[in-house]
Structure formats: structure tokens, C-alpha cells
Amino acid sequence: MSGDSRSQAGPILSLRSLSKGFGGLKVFSDVSFDIEAGTVVGLIGPNGAGKSTLIGCVSGFLRPDSGSVKFEGSTITGIAPHTLCRAGVTRTFQHAYLLSHLSVLENVLVGCHVRARCGQVRALWRSRAVAAEEAALAASAMEALNSVGCAHLAHQKAGSLTAGQQRLVSVARALSSMPRVLLLDEPAAGLNESETTRLADALRSLRETGLTLLVIEHDIRLINAISDHLVVLADGGVIMEGEPAAVCAEPTVIKAYLGGLHAQ
Amino acid sequence: MRPKGPAPREQAVKFDDREADRPDVAQPAAGLAATPMSSLGRIWVRVPQKGVLAAAVIVLLLPQLLGDDILPSMILAGLLGIAAVGLGLLAGRAGLVSLGQAALMAVGGYSAAYAAVRWDWPAEAALLFGTFAGLVVAWVTSPICRLRGFYLATATLTLALIVQRLLVAFASLTGGGNGFPGIPPLSLFGYEFNSEFRFYVLVWGVALLGVALNDNLLRGRFGRALDTIHGDEATAAAAGVNVGRYKSAAWLISGGYAALAGGLYAYYNLFLSPDQFPLSMSIELIAGVVVGGAAAALGPLVGMVALVVIPTRLDLGPSVSAMIAPALLVIFASFLPRGIVPHVRDLSDSLLRRVRG
């Protein structure tokens, strides 16, 4: 886990011939690509191409039928999601799933779970160490909220937020586990124009801090604005990857992604 | 509302130290390290939250106000209340509805009684043994926590039936249908609990201590983890919560509370029989949790008082009394699902706000 062992030693995440199907339905097969540390990789493709399934396979929620995922050189296929979160790989979902009766800050604190060090037994009598740790975690949860521009909402009930705000808070919750790789499943779905801009700013500044991001997104403008690299998943495999501008100009991509209509 | 950490709202702080080892929670300064004395002081200051203190005062005043006839039903309410506090954690926070808590009470009661009578263990050891036995049974049965909703309810219900059958079947250990007599009167550390009032204070002391410990535990990351599991298990897993382990932990804790309640019950009754732990007792426990307020710390105790003491005071007779718990369960679940305590708290909050202008 030390800084030097992973410095420029290769991609932080590498997918090798991943295949996944549900029953008779093959979702994708032989998917391979690398993600360099500190980059933002956009994963695009038409509906049903298997983007969310792919993220599920990488984050431990789904077990791929074959192939492997390596995180910093070690294989993580088949490792449980909560263990992966501890190791530094976590994800968000298409639904924000906030606890509506709790405050926004408490919801973000859920993400701090893996960073708490005090034993649970000491919590029984609220030892000072536990209280100090809770305060430190709350401060760090505020930072995470601040980084998505939602610090002013911290003490509101999560249920009172707009869908877009809830989405941003769920990103903050994922951030507060201090991941090194964050997989975002359509983070901009349901966000309005200004929230999308805020999200793009937040993702860019997270990239500056060295976080590696894999983002599924349908908003092509957003994905172009934040990505260093694009991977296009369609027809059960990766049909193209490369620089965002080049990928978006490719006729096969336009055809697969936007349908035949715009290809002419 | 709960975490009152420093709130640097306006500060534009970015994540730094990402290069350092990842989980770098600020360590509390060395000066805060707990010494035994100060930690005792903290137990005193922190554990009894206002509600628990208020409840303790009410518990002590109640026999003076209403007379000693209230003691037997209050003791029963407190005994069931201890089990209900554990069930509040399991059902109210983790969302795992168990209909088998009476089985764990029976395990705790019979184990404590067995140790006290057959092995001549002192009460302190026998009660610990009973609780331990409950924890072991909970541990062995913890795989059923993987079930959800209806299936979990059915599995725990089955557990209750199985334990009742086993109590009858293993007559050489349990006395079978004839019951288990001869439990000595309770004496802890040389103090005899030989009057109803003493037993009443003991039971309610344990119950309120249980509430305080439960509440402390649930205020931090344990409670947040259970809440998230209740809401969405995938979100909890993505946040690093070991869902299976936390559900098992909740099941074990609730089993420990139930078994301790069962042990105290054995020492209160001095005689045990399988029909003292009927299915209706499990239903009564879940009804108490729902009626009092599943997510409120004091809810289960308030609920048990409402279910046990009020029918006795109103002298409704056994057949009507038996209908009170299920009826209130249905009424509260349908119309006041949050339970008595949260509604009373809301009411008093709004009254206070009005008084203060």
C-alpha cells in the first residue's frame, strides 16, 4: 500500500478477457482494457451493452464467468465488495439510495465506515477516543460533501433533497471511503444543467488529487469534458477505445451509440 | 442531528494526503488517552442520556405513586423489555424481523436454571452462563440472517417452535412438560433480591442500562451500518460494510439480550416450564417494539409497559388481555408505524418550541 510500490508500475486497474452472461444471455465477452492511475476513463455504449454489468464485475458485486481484474497488480476477481472498498475500489449506483430520515452528513458518514479504527466495544460507553474519531470522520465527511458542492446541505434531511442533490451526495458518500479507484454508474442521470456542471468540476478536481475514475455516462458533453480516455462497449465487446475526440468522431461509434440515424 | 463534529462549512478543503496510507483518520491526541478513573467518570456522564435518566426517575417513583400492586406487572414488562431492547436493534435498526426471541429467552432461562440447580453455580455465574448459551444458540443459527422479510420471520418462528419441542423432548435435562423447579432465590454479590421491589429495581436497572449501551453503540458506525443494511444492502457493501457479519452481529446481540432476560425470568419465577415461552411471547415482543417505536432507544421498554402493565391495571381478564398485543401491533403498524416514543417526542418538541416562542 505504500506510495513507491505502485508508482508508474503499470495500470492501476486492468481488465483481462472478462466475460459475463446471465443464463443463456451473453452480456459481453473478452473485454480487456487498462486504466492508468490518476486518469478519468469514460465508459460509453448503447443501453444494454453491459456497462453496469462490467462495473458490477470490477467492484465485486458480480462474478465474471471468465477473465480477471487486477488492481495494482493483484487479482481482485471474486473478492467481496466490502473488502474491495477497504482496499480502495468502490462504486456508486444508478440510484442514490440515501437514508431519507437521516441527515445528509450522516449519510456521507456511512461511507467513512472503513476508515474508523476504534473498536465497537468502546462505543458502548462512548469513550473519548470514539467521540474524537466520530468528530474527525464528520469533518472528513464534510470535506467530501464540499468537494461535490453540497456542504451547505449537510444538516438537512436527505429525504428533502432533489434527485440531483441526492446523486451528488451519493458520490460524496463513495468519496468519503477515500477510494483510489471510484466507479461511477451514470452520476449525471437526473441532474440539471448547473448540477451537471458542478459534478464535472468536482470530478475534474478529484482527478487532480490523484483519484482514478471510471465513469459510465450517457451525457456525451460531460464525458468529453472530463475523460482522458474513452472505452466504447457495444455488441458484447469493446469496439473502440482512445482519445475522447477521436472516439467520438469514429463512424462505427456514432453508429453503435447513436443508432444508424446519425451515421450518415 | 447526531454527529456534532466540527463543521467547516465554508472551508474549501480538498482531499490531500492521498499519497499517505489511505485510512488516515486523525488520531486523538495522546492527552486524551483514557485512564481508568476518567473512563469511569465518562461512563457516568455519557451513558445515562436524558431520556434514560428520566425513565429511571419515573421507574423509581412509580411504586410510590401507584402502590406496590403495580410491581409484578412492571417486573414482567421489564423482563420482556430487556429482550425487546435487543429486538429493537435487530428489527428496528437492521430490519430483521424475528418472531423467535422467546426461544432465545427460553435458552437463557433454562441454561441459567440448569447451572444454578444441577451445578450449584452462584447466580452471577448462572446468569452469565445463560447469556452465553443464548449467544451460542444465536451464533449457531446466525445463517438464517441471510434470509429476508417473510422468510426470516418464518425461519425464526420455526426456531421458536423447535426450541419449545426440544424443551419437552429432553425431559432429563429440562424436566419436560413437568417443568424445572427448585431455582434458588436470586442473590447477587451477597445482596438478596428477596422482595418484589428489589427485583423490580434490578430488572429495570438492567433494562435501562441495556437501553443506554444499545443507544451508544447505535449512535456510531454500528448504527449507521445497520441502517444502511436495512435500506439497501448493496449500498452498505459498497461502503465497505460486511453485510453478513453485521447482520449476524445484530442477531447475536439481540440473542444475548433475550437470553439475559430469560435468565432473570428464571430467577424471578423460580420455576420454568416450556409453556412459559409460548409463541405469543415472541409476538408480544415484536408488538412491544413496534408500539413503542422500533428506532427509538426507549421505544421497546415503553412498548412493553403499554402491552403488559396497562391491560393488567385495567383488569381486562386473560382472554381480552391476550388480544391486546396483536391488536395494538396491527393498529400501530397500520396507523402509527413509528411508534409511541417518536410521536411523543415530536409533540413535546413542538410544544417546547411554542413555549419558547
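A residue counts as buried if 20 or more other C-beta atoms lie within 10 Å of its own, as exposed if 12 or fewer do, and as partly exposed in between, with C-beta atoms placed from the backbone. By that yardstick Glu186(A) is buried, since 20 other C-beta atoms sit within 10 Å. The model is a predicted one, so local features need pLDDT of at least 70 and side-chain atom pairs count only at pLDDT 80 or more, while totals for chains, interfaces and linings use all residues. Residues are numbered from 1 along each chain as its sequence is written, and chains are lettered from A and ligands numbered from 1 in the order in which they are written.

Glu186(A) has a backbone quirk too: its phi is near 50°, a positive value in a residue other than glycine. Its place is in the loop between β7 (181–185) and α7 (193–208) of chain A; helices (H or I, at least four residues) and strands (E, at least two) are DSSP runs, numbered from the N terminus. Asp30(A), not a glycine either, has a positive phi of about 55°. Asp30(A) sits in strand β2 (residues 25–35) of chain A and is partly exposed, with 13 other C-beta atoms within 10 Å.

Turning to chain B, the tally is 15 helices and 2 strands. Of its 357 residues, 45% are buried. Contacts (C-beta atoms, placed from the backbone, within 7 Å) reach far along the sequence: of those in chain B with a separation of 6 or more, 78% join residues 24 or more positions apart.

The largest nonpolar core, meaning a set of buried Ala, Val, Leu, Ile, Met, Phe, Trp, Tyr and Cys residues joined through C-beta atoms within 7 Å, holds 198 residues, of which Leu145(A) and Ala261(B) touch the most other members. Helix α11 (residues 243–269) of chain B gives the most to this core, namely 17 residues. Beyond its neighbours within four places in sequence, Ala261(B) contacts Leu79(B), Leu80(B), Ile82(B), Ala83(B), Met105(B) and Gly108(B). Ile82(B) turns up again as a partner of Val206(B), which also touches Leu264(B), residues up to four places away in sequence not being counted. Val206(B) lies in helix α8 (residues 196–219) of chain B and is buried, with 20 other C-beta atoms within 10 Å.

Helices α4 (residues 101–117) and α6 (residues 149–169) of chain B have axes that come within 8 Å and cross at roughly 30° (axes are lines fitted to C-alpha atoms, for helices over the stretch in contact, and angles run from 0 to 180 degrees between N-to-C directions). That makes α4(B) roughly parallel to α6(B), the label for angles under 35 degrees. On the α4(B) side Ala102(B), Ala103(B), Ala106(B), Val107(B) and Tyr110(B) meet Leu159(B), Ala160(B), Val163(B) and Leu167(B) of α6(B). Leu166(B), also in helix α6 of chain B, counts as partly exposed with 16 C-beta neighbours inside 10 Å.

Helix α14 (residues 318–335) of chain B has a kink of about 30° at Ile324(B), shortly before the proline Pro326(B); the bend is the angle between axes fitted to the seven residues ending there and the seven starting there. Its buried residues are Ile324(B), Ala325(B), Leu328(B), Leu329(B) and Phe332(B), and what covers them includes α12 (279–292) and α13 (299–314) of chain B.

Definitions and conventions
Contact = placed C-beta atoms within 7 Å. Parallel < 35°, antiparallel > 145°, perpendicular 65-115°, else oblique.
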